Amino acid sequence: PLESLGDSPKTRPGYPMMDETQTTQFVALYPLHGIQKSLDQIKGCSHKHRDHAREIIRKHNLTRKRQ
């Protein structure tokens, strides 16, 4: 099914979703570490969550911090 912003939380896209805690951690870690390193550090997350991670990045308008 196609993902739209108006979907209820019960409507799942065709990829694994992070829960609220994982999402919060990802939002905090992504600017420092990028997608893969962030997912590696979050308990229960893996490369399978990449699509959801990209969605979160778009939704929160996240950007990487340059060291």
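Arg54 is partly exposed in this predicted model, with a relative accessible area of 36%. A salt bridge links Arg54 to Asp51, with the closest N and O atoms 3.3 Å apart. Asp51 is partly exposed as well, at 40% relative accessibility. The two residues lie three places apart in helix H2, so about one helical turn separates them. Arg54 is also among the residues touched by Ile35, when residues up to four places away in sequence are not counted.

The structure holds two salt bridges. Glu55 and Lys59 form a salt bridge in which the closest N and O atoms are 3.0 Å apart. Here the partners are four residues apart in helix H2, so the separation is again about one helical turn. Their surroundings contrast. Glu55 is buried, because its relative accessible area of 7% falls under 20%. Lys59 counts as exposed, because its 53% relative accessibility is over 50%. In general, side chains of opposite charge can pair when their charged atoms come close.

The chain contains two helices and zero strands. It has 67 residues, and buried residues make up 33% of them. Contacts between residues at least 6 apart in sequence were also examined. Of these, 55% join residues at least 24 apart.

Helix H1 covers residues 20–41. At its start, a side-chain oxygen of Asp19 reaches to within 3.1 Å of the backbone nitrogen of Thr21. H1 is not straight. It bends by about 125 degrees at Gly34. The end-to-end span was compared with that of a straight helix. A straight helix of 22 residues would span 32 Å at 1.5 Å a residue, whereas H1 spans only 16 Å between its end C-alpha atoms. Gly34, the site of the bend, is itself one of the buried residues of H1. The others in that list are Gln22, Thr23, Phe26, Leu29, Tyr30, Pro31, Ile35, Ser38 and Leu39. The buried residues of H1 pack against H2.

Helix H2 covers residues 50–60. Its buried residues are His52, Ala53, Glu55, Ile56 and Ile57. These pack against H1. Glu55 thus appears both in this buried set and in the salt bridge with Lys59.

The largest nonpolar core has 12 residues in all. Its members are Met18, Phe26, Leu29, Tyr30, Ile35, Leu39, Ile42, Cys45, Ala53, Ile56, Ile57 and Leu62. H1 and H2 each supply at least two residues of this core. H1 gives the most, with five residues. Ile35 illustrates the packing. Not counting residues up to four places away in sequence, Ile35 touches Phe26, Tyr30, Arg50, Ala53, Arg54 and Ile57. Of these, Phe26, Tyr30, Ala53 and Ile57 belong to the core alongside Ile35.

Val27 lies in helix H1. It is partly exposed, with a relative accessible area of 25%. Leaving out residues up to four places away in sequence, Val27 touches Ile56, His60 and Leu62. Ile56 and Leu62 are both members of the largest nonpolar core. Val27 and Thr63 are 36 residues apart in sequence, yet their C-alpha atoms are 9.9 Å apart in space.

The loop between H1 and H2 holds His49. This residue is buried, with a relative accessible area of 8%. Setting aside neighbours within four places in sequence, His49 contacts Pro16, Met17, Met18, Leu39 and Gly44. Two of these partners, Met18 and Leu39, are core residues.

Asn61 is found in the segment after H2. Its phi is positive, at about 55 degrees, although Asn61 is not a glycine. The residue counts as exposed, because its 64% relative accessibility is over 50%. Asn61 therefore contrasts with the buried His49, whose relative accessible area is 8%.

Conventions
Residues are numbered from 1 along each chain as its sequence is written. This is a predicted model: local features need pLDDT of at least 70, side-chain atom pairs count only at pLDDT 80 or more; totals for chains, interfaces and linings use all residues. Side-chain values use heavy atoms; hydrogens and water are left out. Buried means under 20% relative accessible area, exposed over 50%, partly exposed in between (1.4 Å probe, protein chains only). Contact means heavy atoms within 4.5 Å. A salt bridge is a side-chain nitrogen of Lys or Arg within 4 Å of a carboxyl oxygen of Asp or Glu. The expected span of a helix is 1.5 Å times one less than its number of residues. The bend at a residue is the angle between axes fitted to the seven residues ending there and the seven starting there. A polar contact is a pair of N or O atoms within 3.5 Å; within protein, one must be able to donate a hydrogen and the other to accept it, and residues adjacent in sequence count only if both atoms are side-chain atoms. A nonpolar core is a set of buried Ala, Val, Leu, Ile, Met, Phe, Trp, Tyr and Cys residues joined through side-chain atoms within 4.5 Å.
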